[in-house]
Amino acid sequence: MKAVMFERFGETPKIATLPDPTPDAKGVVIEVGATGVCRSDWHGWMGHDPDITLPHVPGHELAGRIAAVGNEVRQWQVGDRVTVPFAGGCGACPECHAGHQQVCHNQFQPGFTHWGSFAQFVAIGQADLNLVALPDTMSFETAASLGCRFATAFRAVVDQGRTRAGEWVAVHGCGGVGLSALMIARAIGANTVAIDISDDKLALARGCGATATVNANMVADIGEAVRDATGGGAHVSLDALGHPTTFFNSVSSLRRRGRHVQVGLLLADQATPATPMAKVIGEELEILGSHGMQAHRYDAMLAMIQSGLVSPDKLIGNRIALEASIDALTSMDSFAGIGATVITGF
């Protein structure tokens, strides 16, 4: 198969011809129809993830058709259209038994713990637990954005943030996750304020339903600007980028008893950001993490999409060939792209 592979962290990947994967007894092989290029892939390429073994094939936001099935798989067959959460469960640990596969003790992560989807084919383990069937009406490129960006945003806003209609939700960073969060929050009746340093991204945020926007380069105090825009502060605030500054600003943006949800990764030398702990204690704030979403929760998200309340396809920016993914991946830290970049040509 053709795939993107890198042999050293931080060095430019290359297009390689590699052996086609085969499924294990409980797994499948998916012929990739589309796969997203995500900042998490950039973190992996930079060496920020200890689970990656070199050489490596990145990619974790994927959708496609099943090409081969292990002999112990019961729920899937060749030809089924599927996607998969970026964090899959083992099915045997206490968290999996409790339904929390997204924090499985032995989780499977394509593109991190195993070779990923910047390739024509990708192997996925524990298929009966981790795969999600796609509606026939949903394109692979739309579905590819669900496994990380949209599903992560859905869990962050709905499950972790416990957002209710009429509340204010602040979203710091208007990339794929942030725009997804804005769209989902608006769909459940919340008011939203988007914060970014790019006017183009803020314009896209308004198109996704942002009630108000703040250009972080144009104000001296982000927390104060959000509190002014929301009449006292956000009930829920998300750091959708993953940076010490956006984390601090998100917590600072909250009203009393507000809920901060950390969605963007904070890794390497950014892993221990400063926290306004006096505000956290004195105002009884909550600081929550959000790590993907279980396969069994996809039904609620897919129902919202099929109802027309949200349109994740509107978040797709560039559609590119596999060869172009190398530049897209290595330039990810410049934050130049608008919307989600999706590989559709293999």
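Of the 346 residues in the protein chain, 55% are buried. The model is predicted, and the values below are computed from it.

**Overall form**

The fold of the protein chain comprises 12 helices and 15 strands. Along the principal axes, its C-alpha atoms occupy a box of roughly 55 × 40 × 35 Å. The radius of gyration of the protein chain is 19 Å, which agrees with the value near 20 Å that a compact globule of 346 residues would have. Contacts that span long stretches of sequence are well represented: of those between residues at least 6 apart, 71% join residues at least 24 apart.

**Surface and charge**

The protein chain has an accessible surface of about 13,800 Å², and carbon and sulfur atoms account for 50% of that area. The chain carries 24 positive and 33 negative charges, and the mean positions of these two sets lie 6 Å apart.

**Backbone features in loops**

The peptide bond between Leu 54 and Pro 55 is cis, with omega about -5°. Pro 55 belongs to the loop that links helix 1 (39-46) to strand 4 (61-69).

Two residues other than glycine, Arg 162 and Glu 284, have positive phi values. The table sets out their loops and accessibilities.

| Residue | Phi | Loop between | Relative accessibility |
|---|---|---|---|
| Arg 162 | about 55° | helix 5 (146-160) and strand 8 (168-172) | 36% |
| Glu 284 | near 50° | helix 10 (277-282) and strand 13 (286-289) | 48% |

Arg 162 counts as partly exposed because its relative accessibility of 36% falls between the limits of 20% and 50%. Glu 284, at 48%, is partly exposed for the reason that its value also falls between 20% and 50%.

**Helix 7**

Which residues of helix 7 are buried? In this helix, residues 199-207, they are Lys 201, Leu 202 and Ala 205. Viewed down the axis of helix 7, these buried residues fall within an arc of 100°, so they line one face of the helix. Asp 199, Asp 200 and Gly 207 are exposed on the other side of helix 7. The elements that cover the buried residues of helix 7 include helix 6 (176-187), strand 9 (191-196) and strand 10 (212-215). Helix 7 thus has a buried face with Lys 201, Leu 202 and Ala 205, while Asp 199, Asp 200 and Gly 207 are exposed on its other side.

Notes
Residues numbered from 1 in each chain as written. Predicted model: local features only at pLDDT ≥ 70, side-chain atom pairs only at ≥ 80, totals over all residues. Heavy atoms only, no water. Helix = DSSP H or I, 4+ residues; strand = E, 2+ residues; numbered from the N terminus. Rg over C-alpha atoms; globule rule 2.2 N^0.38 Å. Buried < 20%, exposed > 50% of the residue type's maximum accessible area, 1.4 Å probe, protein only. Contact = heavy atoms within 4.5 Å. Areas by Shrake-Rupley, 256 points an atom, 1.4 Å probe, with all protein chains shown as cover. Lys, Arg positive; Asp, Glu negative; His and termini not counted. Charge placed at Lys NZ, Arg CZ, Asp CG, Glu CD. Arc of directions from axis to C-beta.
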